[in-house]
Amino acid sequence: MRILAIETSCDETAIAVVDFAGPKTRPAIKIFSNIVSSQVKLHAKFGGVVPNLAKREHQRNLPFILKRALKESKLLKISNFQFPISKQILKIQTLEKIFEREPELLKRFKKYILLIQSPKIDAIAITIGPGLAPALWVGVNFAKALAYLWKKPLIPVNHMEGHLYSAFLQKSGENSNFQILNPKFPILALLVSGGHTELVLARGYGKYKIVGETLDDAAGEAFDKVARILGLGYPGGPVISAEAKKILNSKPAPYRSEASGTGSEILNKFQIKLPRPMLNSKDYNFSFSGLKTAVLYLVRDLSKKYSIKVLRPTIAREFQDAAVEVLVKKTIKAAKDYKAKTVLLGGGVAANSLLRHRLFSAVAREILNSKFLIPDSSLCGDNALMIALAAYFSGKKKAPMSIGAEANLRF
Ligand code: KG4
Ligand code: ZN
């Protein structure tokens, strides 16, 4: 099965062409192309993703990225065949209807895509949600137009399901290609992104249940907001992590004994201790909004005496410690209670090295006979390869052309 997958749920425009062959649950995978075009620099100026700007960029990017993906996959053939005028009119009318709200994309579609011959693919996978509605719609309508033009089935994909399956891809050695694992179910997945924080129990392919989730801000959102409070850039995850490392020295151990330099002076003087919201609650839910507010008050008080530059590493470190501690504790609790045979981490925040290390150690220590899966660091952020995987594994049937974006889609 050869899938062309499209992802536009947030600020990455991504297209992948992936071939699956062999046993259904452990196919051999060939990645013909996996292109991600990030808009992050553009949104950074505004301190976060601006939905209509993302929509505009997706419209600009998609036709070029598609051509590049097909070319890399050796599937790009331009037709010089001219359709009879009556057929052309029908085609244009249908496309005009599909792109009613994306006139910019319609123009580009007519110019760059219309003459591409139907490539050798079996289906088009498309992220329908969750995500930013204007951004999602661009991808959904683009996929619909291609499905119509090329007469291919559409497979709707849940973005978070994509993050889950991204951890199924593993490299077996240095510079080797990706292989698909066949992990044991039940799988307990901690999915942490900019918009979502969920503990998902998967009892089989396509059989999911959310057992816990954030009651307010997502983990990635908390990193982004705290970074803004500290006067650091967007996205917050990588910058917070880099600040924290200035006193962390890569060793994840109790900070009070290890901290040194300016950071530790502040720690000792003020005994910075941020809350661990819901750490001991009996459910598997999270809350990060209070933690962010606690950082806000801390900065407000301490910055009367210290410059923000001096405060940053210590606060970043304590915030990261607090967020990681609750994420790890709740995941372990759920993995134990649901007798998970595999514990999995996925989503943009899965790039965080402290979270990766701490969850790995906790699973090894506390969940016997289980396997821990994390995505390759290149696949933590949004990409279309994970969407192709989710389309392949979720077993969803061909969708009707009437599908639409679902900004609040849930597992
Ligand atoms: O999954 P993702 O790429 O996009 C969404 O689906 O939202 O996740 C983006 C989020 C952002 O909030 C970003 O700050 C966070 O992932 N992130 C990190 C790190 N790298 C990215 N959070 C913590 N540590 C990181 N190293
Ligand atoms: Zn994502």
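A residue counts as buried when its relative accessible area is under 20%. Keep that cut-off handy for the exercises below, and remember that this is a predicted model.

**Exercise 1. Place Ser9 in the fold, decide whether it is buried or exposed, and list its polar partners.**

Solution. Start with the location: Ser9 sits in the loop between strand 1 and strand 2. Next comes the accessibility. Ser9 has a relative accessible area of 3%, so it is buried.

Now for the side chain. Ser9 makes a polar contact of 2.6 Å with the side chain of Glu7. A second polar contact, at 3.3 Å, links the side chains of Ser9 and His159.

Finally, look beyond the four places on either side in sequence. There Ser9 is in contact with Thr127, Pro130, Gly131, Leu132, Ala135, Leu136, His159 and Asp382. His159 turns up here as a contact as well as in the polar pair with Ser9.

**Exercise 2. Work out how strand 2 (residues 12–21) is paired and why it is largely enclosed.**

Solution. Take the two partners one at a time. On the strand 1 (residues 2–7) side, the pairing is antiparallel and has six bridges. One matched pair to find on screen is Ile6 opposite Ile15. The link between strands 1 and 2 is a hairpin of four residues, and Ser9 from the previous exercise lies in the loop between these strands.

On the strand 3 (residues 28–38) side, the pairing is again antiparallel, this time over 10 bridges. Here Phe20 has Ile29 as its bridge partner. Strands 2 and 3 also form a hairpin, with six residues between them, and Gly22 in that turn has a positive phi of about 100°.

Last step: count the buried residues. Strand 2 is largely enclosed by the rest of the structure because nine of its 10 residues are buried.

**Exercise 3. Describe the surroundings of Ser73, from its backbone position to its contacts.**

Solution. Ser73 belongs to the loop between helix 2 (51–72) and helix 3 (85–98). Its relative accessibility is 8%, so Ser73 counts as buried.

The side chain of Ser73 has two polar links to check. With the side chain of Ser33 it forms a polar contact of 3.2 Å. Toward the backbone, the Ser73 side chain reaches the oxygen of Ala69 at 2.6 Å.

Leaving out residues up to four places away in sequence, Ser73 touches Val17, Phe32 and Ser33. Val17 falls within strand 2 (residues 12–21), while Phe32 and Ser33 fall within strand 3 (residues 28–38).

**Exercise 4. Which strands pair with strand 11 (residues 342–346), and how well is strand 11 covered?**

Solution. Begin with strand 8 (residues 187–192), which pairs with strand 11 in the parallel sense over five bridges. Leu188 is the residue opposite Val343 in this pairing.

Then turn to strand 12 (residues 371–373). Strands 11 and 12 run parallel and are joined by three bridges. Val343 serves as a landmark here too, standing opposite Phe372. To get from strand 11 to strand 12, the chain passes through helix 13 (residues 353–366), giving a right-handed β-α-β crossover.

For the cover, go face by face. Thr342, Leu344 and Gly346 are buried on one side, and Val343 and Leu345 are buried on the other. That agrees with the tally for strand 11: five of its five residues are buried.

**Exercise 5. Find what surrounds ligand 1 and which polar atoms approach its oxygens.**

Solution. First, the neighbourhood: 18 residues surround ligand 1, and the closest are His163, Gly194, Asp224, Gly237 and Gly348.

Second, the polar approaches. A polar side-chain atom of Asp224 lies 2.7 Å from a ligand 1 oxygen. The side chain of His159 has an N or O atom 3.1 Å from an oxygen of ligand 1; this is the His159 whose side chain also pairs with Ser9. Gly220 contributes a backbone N or O atom, at 3.1 Å from a ligand oxygen.

Third, the cover. On its own, ligand 1 has 550 Å² of accessible area, and the protein covers 87% of that.

**Exercise 6. Is Ser166 buried or exposed, and what does it touch?**

Solution. Ser166 is in helix 6 (residues 159–166). With a relative accessible area of 1%, Ser166 is buried. Setting aside residues up to four places away in sequence, Ser166 touches Pro375, Leu379, Met386 and Leu389.

Technical notes: Residues numbered from 1 in each chain as written. Chains lettered and ligands numbered in written order. Predicted model: local features only at pLDDT ≥ 70, side-chain atom pairs only at ≥ 80, totals over all residues. Heavy atoms only, no water. Helix = DSSP H or I, 4+ residues; strand = E, 2+ residues; numbered from the N terminus. Buried < 20%, exposed > 50% of the residue type's maximum accessible area, 1.4 Å probe, protein only. Polar contact = N/O pair within 3.5 Å; in protein donor to acceptor, adjacent residues only side chain to side chain. Contact = heavy atoms within 4.5 Å. Pairing = 2+ DSSP bridges. Right-handed = clockwise from strand over helix to strand, strands pointing away. Near = heavy atom within 4 Å. Areas by Shrake-Rupley, 256 points an atom, 1.4 Å probe, with all protein chains shown as cover.
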